[in-house]
Amino acid sequence: MSVIDSVIRQPLVHGDKTYHDVTTDICRPLENKPTKLWWIGFVLSFLFFILLVVTLTITTAVGIGVWHINKTIMWGWDITNFVFWIGIGHAGTLISAILLLFRQKWRMSINRSAEAMTIFAVLCAAIFPFFHMGRIWVGIYWVFPIPNAFGSLWVNFNSPLLWDVFAISTYFSVSLIFWYLGLIPDIATVRDRTKSKIRKYWYNFFSMGWTGSARTWSRYEIASLILAGISTPLVLSVHSVVSMDFATSILPGWHTTIFPPYFVAGAIFSGFGMVLTLLLIARKVLNYQEYITINHLEAMAKILMLTGTLVGLAYITEFFIAWYSGVEYEQYAFLNRAFGPYWWAYWTMMSCNLIAPQVFWFKWARTTPWFLFMLSIIVNVGMWFERFVIIVTSLHRDYLTSSWAMYSPSWVEICIFFGTFGLFFTCFFLFCRFLPIINMSEVKSIIKNRE
Amino acid sequence: MFKNFKSSRNIATIASIFATTAVLRAQATETATQNPNLFYTDNTFLILLFLCLLFLIIAYFLYRVKSHLDNIIYEKTTGQSKPTYYQKSLRPWLQTLNPTITALTIATILGLITFVKAYQFGMNEVGVQQGYSPVQPINYSHKIHAGKLQIDCKYCHSTAEYSKQASIPSANTCMNCHKFVNLRDRYNGNVSPEIDKIYKAIGWDPENNEYIKDYKQKPIEWVRIHNLPDLSYFNHSQHVKVGKVECQTCHGPIQEMDKVYQFSTLQMDWCINCHRQKSVDVENNKYYEDLHKRLKKEGKTVYTVEQNGGTECSKCHY
Amino acid sequence: MFCFSKSIDKRNLIYGVFDDENKLINTVETVREKGIEIFDCFTPFPVHHLDTAMGISRSKLSVAAFICGATGFGLGLLLQFYMMVFDWPMNIGGKPTSFRMLPSMVPVVFECTILCTAFGLAILFFIRNKMGHGVVPDILDLRQTDDKLLIAFDSDKLTKYNIEELNTILKEKGALEINKYSGKYAVKNK
Amino acid sequence: MENKNKYWKGIEEAELHSDFIKSKGNEFSEALPVEEMLSTIDSDLSSNRRDFLKFFGFSVSAVALAACNKAPVKFAIPYVEKPQNVTPGNPNYYASTCASCTSGCGMIVKTREGRPIKLDGSNESAISAGALCAVGQAGILTMYDINRLANPLENGDEQTDWAKIDKKISSKLASIAATFGGIRIVTPTNNSPSFANAVNIFKQKYPTTEVITYDSISYSGILLANEKSFGKRVIPNYNFDKADVIVSFGADFLGTWISPVEYTKKWTKNRNPKNGTMSRHYQFESILTLTGSNADIRIPMKESKEGIYIISLYNEIAKLAGVAQLAVTQNAELAGNAIKNSAKDLFAAKGKSIVVSKSNNPEIQTIVNGINMMLGNYGTTIDIDNFSNQSKFVEADFEKFVSELSSGTVKGVIFVNSNPVYSYHNSSKLTEGLKNAELVISTSITKDETGSLAGFVCPDNHFLESWGDAEPKNGLISFTQPTISPVFNTRQVIESLLTWAGAMPENAKAYNFVKSTWSSLGDDVWNKSIHDGVLIKPDLPATVPSFVANLADSANKIIFSLPKGDETELILYQKVGLRDGSMANNPWVHELPDPISKVCYDNYLSISKADAEKNGFEQNDVVNLSVNGILINEIPVLVQPGQAKGTYAIALGYGRTQTGKVGKNLGKNAYPLVRTENGYYSYNFCGLITFEKTRKKYSLAQTQTHHTIEGRDYIREASLNQYKKNPSVKNDEKLNLISLWEGFDYTKGHKWGMAIDLNKCTGCGSCVVSCHIENNVPVVGRDEVLLRREMHWMRIDRYYSFNDDGTALTKEKQIDKADASVYENVSVVNAPMMCQHCDHAPCETVCPVLATTHASEGINQMTYNRCIGTKYCANNCPYKVRRFNWFKFNDNDKFDFHFNNELGKMVINPDVTVRHRGVMEKCSLCVQRIQAGKLTAKRENRKLVDGEIQTACSAACPSNAIVFGDKNDPNSEISKLFKDERSYHMLEEVGIRPAMMYMTKIRNTDTTI
């Protein structure tokens, strides 16, 4: 019954770490004073966060008119950013849930930060559907089926936007539970190491009395497994539902049955891109090379290549189907994407998402951190453009040529977008400071490299 | 919320609005000066609140000083620091609690309260003026006119049958009777002060029983009680003439009201529920001729307003 | 009603400290063969097969989760049917207002199912483990959440012979230390 | 005065007051002298309904807290003495006459609680025949213009009162008359018998008085040509309805020429392919006009060549008729076979054809008369006996007046609602001349350029506040009655003139005076005439006049003055929205996109593609223009398809320097470019035109930036021949529409629908403005239009297709590749577009909060108060007809049009909610009118009659292109139209089942493109 050392596999954690080494390494950023680099990063992102608050206030106080969306293109950067962030928010739960189901142990060093990223990204994403509403002050509760004095006027369950409300709130809360459940043993570890009373109090508060009892662990494993089991279809469903915002509409370029799988693939792609960006920084800055090894990076690069190619396949399929359908509106919509006034967005998307990841066929590309970092940024840019292309280029030229129009963002829209990065990184910096960004208990279980 | 509307403060506010309007200035100023509560403005309330806070803070400081001194004495006498109330009795009790159950219970209670409050908010929203009964420029009693004297509602509210508004009667409608009725017998030979307000508005000389020539007439500014928001369209003739709804259905026992108040909530579910229950009289209106034939064929007898599309949004909102 | 003072007992525990999960599992198996009742094991990370070695039966959480999910599914369906079909059916773009609108109910039903499962599971998990915010844990040894694996025995339930036997077994199996813990311990894991 | 503990449901509810007329005078800005208004009660009127005091009537007033989110205490103020015929909540309708231009359309004024809120065409008047143009309808806002003069002015800006000013003016007039100094009353074409009467009384007192007619736009060519040809200086009555072939040389008779509503009505009567009455319309023109865009065959022509074209046409017809031709010394370039073809067609339709020309050259018009004479059109399509009085302006009189001013013989000038200082081409001469005058009076209702030079400004009443009459056609008297008592301290011109003439105050009252003018009618006829708005005398029998002009002489003169080379030329034209610029302060006409260029708010240099390429101009480039030494600086360029090569065009009416805040300094004034040629004003210039391209760019606010249909078939057109062969041409392919579900039952009750005939729609924009007014649509201004955020619920899509040797080019790529000359051969389709009220509406499905749902009567309902503004519905609308309230457009000083002041708000329709920011809005199919119509029928215990309910657009349409009705009524007009072979649903293939149908456009051309 005992656990056997593997003779085939490479160890997942390098540097012959003991259990205690793992604890000290991972708790180091929490227990030491924050570095200068942390402060700079934090203050910078907090400034951007303030920018977000200011611009959102302007939008709500003056009206959506401060954005430059118009009668033809009623969704612009707002929903582009929403889908972009939601897409990024897919990697975390996906890594922990699907890879857990597949018993992929290499996930263990990265899943914590990936999940945190998910939660922060969904937070950023949720800003947009709320603030793009003209009357947020009523919209924020009218979208929920609450009994009311309007003769009990309910909500429209036919609307994909309502599905979004349900999907995103579910995804956010389930991801939070999943993340928190994983955090409990590690919080307990930090609790038992800390001397400070205040810290002890709070870590104690959040550790919920964790002792590491074998019985608890046994239930914990089962709970994790079930949560992973339900999170997997949830992850797939969320972006499918988001894609239905477009797929169930009648707009040429949106009205596409391929959207749900295509969006999910895109979400995984962009999510992994973002995880890679963050981990490459964290690995360097926090000196975690031995936990987040080149093997991790390589595995992620492979996924990037796979999903990037899948997304590319979807792009080409769309074109084929548009041609094959024989619908002139459909055909025009796609030709217009590639050769219309927004051609630059389309080709940016194509080169970033389909062509760029093909370099991962080479091992050098997969194993060179600086190159990976560059590629991960390119993937993020490419995926933002994908959403822009889908939303804006479909809207700007649809059925009646009389209402064809162009769109460019106002400064408020641009500031909101960069502001959400502020929110995202503010959260992430706080997370790095107060919670272990690598799952200690799981890493400890794999450092002995056992089957 | 609006149930407080009757509070004197509001009356004072209304009165002060009157005071600024040119109409009925004299009467209104009288009301305002007679009402001692006019002094009690919103600012007074704030000042009182501030004073209360100030006293509380002073009291707290005094208490801290006292307990500090007590502590010193205790330490001097026993050599130990005095256990606080928390240490002495609160903590042992707290420790007996199961944190999870406690937390869950508190969360449940809070959740329930929030839910109930949210439900109440949802069901009432704000701005429901049910029971709103402001002071009117003339102490007109529906109880006397509609109840005791049995004047038909539509005698005064004459446009209810053919217009959107039921309309408040113009002063010359009042004069139809009050040329002759001035209750001198009850006021020692003087005209009743309330009736005199009509005379002042329209320019009637009760002494000579004639209209004053070139009199600058002033309308009577009644305070509107039923304030349906402008986003909903309500037409009296639709309900009174076509739907044959009694005035009392919505306005309540108006013939028993000395002072009119808002009887119904005027909320949307109130409208909707009535539309769901009331049926359309398709038989006696030629407008519905085709429909009536069809319903007869289908063997239907009841045809509610809802079935006629009466709960569709654009029936009221446009 | 929130008082569980009865379950807070003073306990005298003996525990062995290990630094390798294989040694711990070996110990557990040996001890159980001897018929000595193990109070509990404490590990900083999940040790596979430890639960089977200790003879802990599989938790019924999965069944509970299924029930939660089924409830969510039902609620989701009921919610939509009530609102869209029974209470106030409306003509929305010519879409049906009968059971035929089922396809458009799928996403929300699905999300409700997941939501209820996840919340139900998490709540039940915490309740079952008697975990909660602010619960003061009964830590035998601060290292138990860091790098050491503990096997604990309730010395009140052991005979003297058993204690001696235990000492030998633990030492034999590679325990770094054998310590005693005496203090309050909430009965949690029974 | 806030009630701190009273809350309202939301800020918008407190602000969504549609009846927010304040009850207190001091609520108005100081410029509104309510107290005076209250005191001027016309007690002699039989009813008091027009009284301003009464208009407060029952209106609900939010007294103190209009802009506060606390619930205001609302007052309900009943009438003291209720006027008999005003029922609060019900509209009243009065017949009157529109005076926004000189056409004299009869109109119906809709008032609510004593304030006019909507103008519609009157069925009684032969001119409007139930419709009113965009400008006429917008005229109502001119009355509620906050920039109107509130008091008479003295010495520029001093506000004074009537008694003082009358005294001063009377004494001055007397002293002028005493010294035999000339007094001139300058008025735009005035065909009012009472006015003439008043002037006569004035003349008796001041015998040196003369009336000078001055219009900004001259039609004197026709007047003088008719004088020359027939001895009658009149504009004839053009019966386009009787013409089977119409040839127009530049005359934009559907858009701006003389009496567009009347001509549109008549023109469309003969555009009906179904019963074979389908005229053929040739248009020779240089700029693409509204009429040209509706012509069957449009031939681009340089305007300077018009004379030679017309002579050629004469000769071609003469050839066919076997009559002597005119000698032509210069060979004409004949635009292919167009002249020959049109001559053939004209001759074939002898007596049932018509030739008109825009030219202001009497010689050219004489030839046109000769052609019509030769074709025997007089007495049939052209009626010179029942002539029109809509323009009487002859330049010579006014030129004489200007020189008299300069020479100092004229001492007193009264400008009656005319503004020559702005619109006279030699404005500086006039300005100098006015300095010689001792007395200058202006009666314009806002302070305009002329008014600012006048010593006294005696503001006239707006025509909705006036009594009056007009005789736009000989024998058709149209009456004006006030529908509100004067908003400001203004006085009708008639009253002013009579007062200055020393008439008794009682006689000087406009009502009494107008009535006394018509005292011969007797009370019964008078009352009926006022009720109907018109008094119709029987038409004289149309005779064929004898033609006396010397055609050869005219032809020689024309040929003599032809430009020698192929020089570029400049054309000045009127825009359909703004016309001559007198309504420059009316935001509605600015917001109405030009029917052709779709530009709002500006004028521009319109050039052809070929010229743009030649000069290196692009759209929105800014150029400095010099025409014969007159400079127009920084005017933006618009590349206009259809414009003849070598021609440049600028619209008149812009560049006002003295008007309200809306119209001030908008665009460039092109009037200085008007040229006098042989005594008449010429609106084209051929000669030295130089351009200087600046580096600046100026974006023109266009509501449509893509102009072709890209080969899509949602716009269908066919030639008449094709139609005759197969009436359902282009609609043959019937789609097999399947649904996954059983549909809803729409068979009980009503099912509303609309049929829009693309063949009839001229694109005039009347429906757009009508909808704008009826539904309280906000005006958003140029900046927002530039951002593509105009709020029009109803728009008219204008599509170009280009004819390249018989193949139609509609795709962007083909057109880009094609030669620039293809841009000249343009055909145009106008498609009114509003919410199609789809039964399977894609917008409804996607709204998360049920703010838009479907009614059992087939209306796609938009519930503003439920909307949370996700804008998803608008994205999912294939027609892009949903409009979003980007800002709070009412009570917002950023949108300083009419929604942000109390006076402007009086025009708001109280039956329609004013929308708050953040909500979606769209065409509601005028549900307020449907509900009102149904209710009336129910109340009167009767069935609904077809045509009883009209939407704002269908009521306004001068060409009857929009028909609204109940599809469930088998006998309704719409049921018949829906069965017509030409009817099709736009974008039917999307499967959304629209409730509207469009009808294929049929062009009466030999070939189709």
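**Figure 1. The interface between chain A and chain C in the predicted model.** In this predicted model, chain A brings 55 residues into contact with 62 residues of chain C. On the chain A side, five elements each give two or more residues: helix 1 (19-31), helix 7 (160-193), helix 8 (197-207), helix 9 (214-247) and helix 17 (440-444). Helix 9 of chain A gives the most, with 16 residues. By residue class, the side of chain A that touches chain C divides into 27 nonpolar, 21 polar and seven charged residues.

**Figure 2. Chain A as a whole.** The secondary structure of chain A consists of 17 helices and zero strands. Along the principal axes, the C-alpha atoms of chain A fill a box of roughly 70 × 55 × 45 Å. The radius of gyration of chain A is 23 Å; this agrees with a compact globule, because a globule of 451 residues would have a value near 22 Å. Of the 451 residues in chain A, 59% are buried. When contacts in chain A are limited to residues at least 6 apart in sequence, 84% of them join residues at least 24 apart.

**Figure 3. The surroundings of B:Trp270 in helix 12 of chain B.** B:Trp270 belongs to helix 12, which covers residues 268-277 of chain B. There are 16 other C-beta atoms within 10 Å of B:Trp270, so this residue is partly exposed: a buried residue would need 20 or more, and an exposed one would have 12 or fewer. With neighbours within four places in sequence left aside, B:Trp270 is in contact with B:Ser264 and B:Thr265. B:Cys250 lies 20 residues from B:Trp270 in sequence, and the two C-alpha atoms are 9.7 Å apart in space.

**Figure 4. An open sheet of four strands in chain D.** The strands of this sheet follow the order 44-36-46-45, and their pairing is mixed. Strand 44 (962-966) and strand 45 (983-984) of chain D are the edge strands, each pairing on one side only. Elsewhere in the sheet, strand 36 (residues 752-757) and strand 46 (residues 996-999) of chain D pair in the parallel sense, over four bridges.

**Figure 5. Bridge partners D:Ile756 and D:Tyr998.** This view shows a single residue pair from the chain D sheet. D:Tyr998, in strand 46 of chain D, is the bridge partner of D:Ile756. The parallel pairing of strand 36 with strand 46 in chain D runs over four bridges.

How values were computed. Residues are numbered from 1 along each chain as its sequence is written. Chains are lettered from A and ligands numbered from 1 in the order in which they are written. This is a predicted model: local features need pLDDT of at least 70, side-chain atom pairs count only at pLDDT 80 or more; totals for chains, interfaces and linings use all residues. Two residues are in contact if their C-beta atoms, placed from the backbone, lie within 7 Å. Ala, Val, Leu, Ile, Met, Phe, Trp, Tyr, Cys and Pro count as nonpolar, Asp, Glu, Lys and Arg as charged, and the others, Gly among them, as polar. Two strands pair if DSSP finds at least two bridges between them. The radius of gyration is taken over C-alpha atoms; the globule rule is 2.2 Å times the number of residues to the power 0.38.
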